[in-house]
Amino acid sequence: MTDPNRATASSRLPHGVLTGVRVLDFGIWRPVPYATQLLADLGADVLHVEPPGGDPMRQFPDIFATIAAHKRSIVIDLKSADGLARALELAADADVVTEGFRPGVVDRLGIGPDAIRAVNPDVVYCSISGFGQDGPMRLAPGHDLSYQAVAGVLVPEGGDPPARVSVPWADLAGGLSAAFAICAALVGAIRTGEGDTLDVSMTDILATWTGSSGGGNAKPVGRRLSGMPGYGVYKTRDGWIAMSTITEQHFWANTCDALGMEDVRDLPLMEQLDRHEELRARLDAAIGELSQEEALKRLNETAAPVAPIHTRAGMLADEHLRERGTVFDGPDGGPWLAHPVKYAHHPPRPPVLPPEVDEHHGQGWL
């Protein structure tokens with residue numbers, strides 16, 4: 001029997017500012033579903049495409065409940081011909097398509113921006129990823145802590161040790177910024193008849209929050225996610241790194257392989273938790289013998305999720321952020337931060353110096 005408290009999303013949907021907007025959501029875990037939840041809260045019709053077996057975020061039902069309300073769910077195997085055909089059929093009538101795979105995956109699956117635009121030229125296509133769709137770190141594995149590290153969030157002014165926040169800033173900041181960017185692109189589509197392709201990098205978003213100058217100090221709330229030996233900040237001989245292995249067995253194995261801990265590479269998660277103090281001590285010792293450059297090189301070579309922990313100055317000089325244009329030299333000659341979302345067809349206005357007081361006196365709307 002159907003639970004009367006589980007009415008369909010459409011029957012409980014109020015008339016919101018986004019009522020009538022169709023969103024095809026290929027996202028799993030948290031960042032993309034959080035973005036589309038914000039849109040659904042405003043009335044958008046969100047169709048959540050889940051993989052066979054369901055969104056892995058369902059393992060955390062309390063969190064999943066907060067990012068799945070007012071949505072409809074459909075399971076599609078995107079690796080099958082029938083599944084891909086169904087996905088493209090749905091995309092043809094969508095206003096917005098969202099995804100959160102690692103860069104390049106959607107193209108291999110056949111649901112990348114070009115494939116979707118072939119059936120729906122005016123669609124707003126939004127990708128959320130850790131480091132963005134281009135740049136030297138685009139394919140680097142990572143989680144929230146990795147993006148905080150590169151963005152200068154953990155230790156903006158320098159100091160020892162880096163501060164860690166308990167809230168997943170990158171996930172939530174990326175989702176919020178994506179929702180904002182989608183709404184902006186929808187307005188642009190109404191005005192111009194053209195959609196857009198949005199590249200939302202969680203690292204870029206946090207970098208703009210860290211900013212190019214000070215304004216407050218973060219407070220440490222604990223060194224590591226409790227019980228996870230491979231998730232936390234670790235001191236090298238000359239600096240700090242962040243590792244963000246959570247439940248992924250292959251990332252734990254990659255970490256152990258890089259640090260000469262092959263005897264524990266195959267430990268299942270529950271045994272890692274039971275032995276977390278021992279394993280943390282071994283990681284501290286192994287990493288503490290290396291320079292930051294050596295540690296990053298070793299861990300990157302085995303595809304372990306690792307990132308340098310930057311100060312603000314380090315973030316502003318970071319090669320990845322510079323190559324993406326997130327950080328650039330502004331009109332005053334100092335480092336500036338660009339708008340954190342990239343629009344392929346309708347880019348935002350570049351930053352400029354602020355106007356003088358009352359500079360536009362007597363002028364109306366543009």
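**Exercise 1. Find which residue stands opposite His48, and place the pair in its sheet.**

*Solution.*
Step 1. Look across from His48 in this predicted model, and you land on Ser73 in strand 3.

Step 2. Now look at the strands themselves. Strand 2 covers residues 45-50, and it pairs with strand 3 in the parallel sense over 5 bridges. Strands of a sheet pair through backbone hydrogen bonds, either parallel or antiparallel.

Step 3. Zoom out to the sheet. It is an open one with 7 strands in the order 3-2-1-4-5-6-12, and the pairing is mixed. At the edges you find strand 3 (71-75) and strand 12 (341-343); each has a single partner strand, so one side of each has no neighbour in the sheet. On average, neighbouring strands here are turned by 20 degrees against each other, direction ignored.

**Exercise 2. Work out which strands helix 4 and helix 8 touch or lie across.**

*Solution.*
Step 1. Take helix 4, residues 81-91. This helix packs on the sheet and touches strand 1 (22-25), strand 2, strand 3 and strand 4 (96-99). Its direction makes about 155 degrees with that of strand 1.

Step 2. Go on to helix 8, residues 169-192. Helix 8 lies across strand 4, strand 5 (124-129), strand 6 (196-201) and strand 12. Against strand 5, helix 8 runs at about 165 degrees.

**Exercise 3. Decide what the salt bridge between Lys71 and Asp25 ties together, and whether its two residues are buried or exposed.**

*Solution.*
Step 1. Start with the idea: side chains of opposite charge can pair when their charged atoms come close.

Step 2. Check the distance. The closest N and O atoms of Lys71 and Asp25 are 3.8 Å apart, and the cut-off for a salt bridge is 4 Å. The pair therefore counts as a salt bridge.

Step 3. Locate both ends. Lys71 lies in strand 3 and Asp25 in strand 1, so the pair ties together parts that are 46 residues apart in sequence.

Step 4. Check the accessibility. Buried means under 20% relative accessible area. Lys71 has 11%, so Lys71 is buried, and Asp25 has 0%, so Asp25 is buried too.

**Exercise 4. Sort the residues of two further salt bridges into buried, partly exposed or exposed.**

*Solution.*
Step 1. Find the pairs. Glu50 forms a salt bridge with Arg58, with the closest N and O atoms 2.5 Å apart. Arg275 does so with Glu278, and there the gap is 2.8 Å.

Step 2. Sort the first pair. Glu50 has a relative accessible area of 3%, so Glu50 is buried. Arg58 comes to 40%, so Arg58 counts as partly exposed.

Step 3. Sort the second pair. Arg275 is partly exposed at 25%, and Glu278 is partly exposed at 35%.

Step 4. Put these pairs in context. The whole structure has 16 salt bridges. Salt bridges also link Asp134, Asp199, Asp204 and Arg324 in a network.

**Exercise 5. Describe the sheet that contains strand 8 and strand 9.**

*Solution.*
Step 1. Get the order: 3 strands form an open sheet, 7-8-9, with antiparallel pairing.

Step 2. Pick out the edges. They are strand 7 (231-235) and strand 9 (306-308), and each pairs on one side only. Neighbouring strands are turned by 25 degrees against each other on average, direction ignored.

Step 3. Look at one pairing. Strand 8, residues 240-244, meets strand 9 in the antiparallel sense over 3 bridges. Want a residue pair to find on screen? Met243 has Val306 in strand 9 as its bridge partner.

**Exercise 6. Locate Trp209 and Gln59, and say whether each is buried or exposed.**

*Solution.*
Step 1. Trp209 sits in helix 9 (residues 202-210). Its relative accessibility is 51%, so Trp209 counts as exposed.

Step 2. Who joins Trp209 in a nonpolar patch on the surface? Val167 and Trp169 do, and together the three have about 300 Å² of accessible area.

Step 3. Gln59 is in the loop between strand 2 and helix 3 (61-66). With a relative accessible area of 59%, Gln59 is exposed. The C-alpha atoms of Gln59 and Trp29 are separated by 9.8 Å, with their positions 30 residues apart along the chain.

Step 4. Finish with the whole protein: buried residues make up 49% of its 366 residues.

Methods: Residues are numbered from 1 along each chain as its sequence is written. This is a predicted model: local features need pLDDT of at least 70, side-chain atom pairs count only at pLDDT 80 or more; totals for chains, interfaces and linings use all residues. Side-chain values use heavy atoms; hydrogens and water are left out. Patches are made of residues with over 30% relative accessible area and no salt bridge: like charges are joined within 9 Å, nonpolar side chains (Val, Leu, Ile, Met, Phe, Trp, Tyr) within 5 Å. Accessible areas come from the Shrake-Rupley method with a 1.4 Å probe; for residues, only the protein chains shown count as cover. A salt bridge is a side-chain nitrogen of Lys or Arg within 4 Å of a carboxyl oxygen of Asp or Glu. Helices (H or I, at least four residues) and strands (E, at least two) are DSSP runs, numbered from the N terminus. Buried means under 20% relative accessible area, exposed over 50%, partly exposed in between (1.4 Å probe, protein chains only). Two strands pair if DSSP finds at least two bridges between them. Axes are lines fitted to C-alpha atoms, for helices over the stretch in contact, and angles run from 0 to 180 degrees between N-to-C directions. Contact means heavy atoms within 4.5 Å.
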